[in-house]
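Student: I would like to work through this structure with you, moving from the ligand to the sheet and then to single residues. Could we take it one question at a time?

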Amino acid sequence: MTLKEVAQTVEAEFLNLEDRADEEVNTACAADLLSDVLAMRGDAALLITGEAAPQVVRVADVMNIRAILYVRGKRPQKKDIIRWATQRGIVLLSTPLPTFEVCGRLYKAGMRCSECPEDEAA
Amino acid sequence: MDRQVFAYSVVSTGSFDDVGVVSTEIKRDLEEAGVEKDTVRRVAVICFEAEMNLALYTERGGNIQVVVEPDRVDIYVEDDGPGIEDVEKAMQPGYSTAPLWVHELGFGAGMGLPNMKENSDIFEIVSELGKGTKIHSVVFRRKEDAA
Ligand SMILES: Nc1ncnc2c1ncn2[C@@H]1O[C@H](COP(=O)(O)OP(=O)(O)O)[C@@H](O)[C@H]1O
Ligand SMILES: [Mg+2]
């Protein structure tokens with residue numbers, strides 16, 4: 001699915017890089033613990049998280065994550081973090097919905113777990 | 001080019017906000033040096049965990065050196081911080097002395113050193129109380145998954 005479809009599915013708004021709305025993202029991971037993201041196998045295109053600390057965008061950069069979806073209306077508190085993400089080409093989205101609902105809706109729409117490759121055929 | 005050396009210093013500022021900045025720089029430098037994607041990611045993850053530990057557990061920070069060779073990448077992390085009393089214990093998944101505020105930022109799960117080891121082909125750590133900690137990690141390059 002495209003980032004635009006992700007945004008529509010979970011009622012999210014783009015915080016930056018809206019021009020990338022047509023980009024495909026088909027694998028995701030959901031984590032609040034950044035250590036879990038750093039320990040991930042496989043490449044996730046999208047990170048769903050309730051953690052809005054400045055380090056999240058850097059973890060995403062290191063893990064080749066292309067977009068971050070903040071849940072529960074969270075978002076980075078500092079403008080320079082959004083600017084940094086933009087520079088590194090990381091798309092930021094924010095949804096008012098909680099994680100469980102976000103994951104459920106996205107899964108139903110075709111998004112799959114980045115760490116469960118056998119699922120991709122489903 | 002046979003051998004390229006990259007040196008970085010991690011300054012412990014007391015604020016945790018900048019954690020990861022050096023590691024993303026390392027990632028960029030290795031990409032520019034033409035290192036394949038899979039290796040870059042492994043090195044960057046190792047450096048990220050190392051950077052975090054320097055920021056959290058040392059007063060002044062420390063140094064990270066990355067040496068790129070045709071068949072391997074060596075990572076050297078050094079600090080003159082408090083040292084680790086029981087390295088074997090510190091290497092165990094889940095062992096952490098990180099304060100609560102670190103947990104609130106999504107870190108401090110005691111998975112840092114184990115994850116560094118997991119991403120390394122060779123992992124050595126030497127620590128002495130009151131003197132500091134030294135880590136040497138090696139990632140062998142696998143050319144077949146070149147970027
Ligand atoms: N450079 C260091 N200097 C002193 N102590 C360290 C250093 N690195 C790690 N430690 C100790 O080892 C423990 C485990 O580290 P780690 O596996 O990275 O987990 P975490 O950082 O989540 O606690 C830390 O909680 C800390 O007590
Ligand atoms: Mg750590």
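Student: How far does a polar side-chain atom of B:Ser96 lie from an oxygen atom of ligand 1?

Tutor: This is a predicted model, in which local features need pLDDT of at least 70 and side-chain atom pairs count only at pLDDT 80 or more, while totals for chains, interfaces and linings use all residues. Residues are numbered from 1 along each chain as its sequence is written, chains are lettered from A and ligands numbered from 1 in the order in which they are written, and side-chain values use heavy atoms, with hydrogens and water left out. A polar contact is a pair of N or O atoms within 3.5 Å, and for B:Ser96 and ligand 1 the distance is 2.5 Å.

Student: Which residue offers a polar backbone atom to an oxygen atom of ligand 1?

Tutor: Among the residues that come nearest to the ligand are B:Tyr57 and B:Ser96, and a polar side-chain atom of B:Tyr57 lies 2.8 Å from an oxygen atom of ligand 1. A backbone atom is involved at 3.3 Å from a ligand oxygen, and it belongs to B:Gly112.

Student: How much of the accessible area of ligand 1 does the protein cover?

Tutor: Accessible areas come from the Shrake-Rupley method with a 1.4 Å probe. On its own, ligand 1 has 530 Å² of such area, and the share covered by the protein is 93%.

Student: Which strands of chain B stand at the edges of the sheet?

Tutor: Strands here are DSSP runs of E with at least two residues, helices are runs of H or I with at least four, and both are numbered from the N terminus; two strands pair if DSSP finds at least two bridges between them. The five strands of this open, antiparallel sheet in chain B follow the order β1-β2-β3-β5-β4. Two of them have a single partner strand each, so one side of each is left without a neighbour in the sheet, and these are β1 (4-11) and β4 (122-128).

Student: How many bridges join β2(B) to β3(B)?

Tutor: On its other pairing, β2 (residues 61-68) runs antiparallel to β1(B) over eight bridges, with B:Tyr8 opposite B:Ile64 and B:Gln4 opposite B:Val68. With β3(B), β2(B) forms a hairpin that has three residues between the strands, and B:Val67 has B:Asp74 as its bridge partner. The number of bridges joining this antiparallel pair is seven.

Student: Is B:Val139 buried or exposed?

Tutor: B:Val139 is found in strand β5 of chain B. Its contacts (heavy atoms within 4.5 Å), leaving aside neighbours within four places in sequence, include B:Val43, B:Ile46 and B:Val73. Buried means under 20% relative accessible area, exposed over 50%, and partly exposed in between, with a 1.4 Å probe and protein chains only. At 0% relative accessibility, B:Val139 therefore counts as buried.

Student: How many of the eight residues of β2(B) are buried?

Tutor: The strand is largely enclosed by the rest of the structure, because the buried residues number six.

Student: What relative accessible area does A:Ser114 have?

Tutor: A:Ser114 lies in the segment after β6 (112-113) of chain A. Beyond its neighbours within four places in sequence, A:Ser114 is in contact with residues including A:Cys29, A:Met40 and A:Asp43. A:Ser114 is buried, and its relative accessible area is 8%.

Notes: A residue is near a molecule or strand if one of its heavy atoms lies within 4 Å of it. A polar contact is a pair of N or O atoms within 3.5 Å; within protein, one must be able to donate a hydrogen and the other to accept it, and residues adjacent in sequence count only if both atoms are side-chain atoms.
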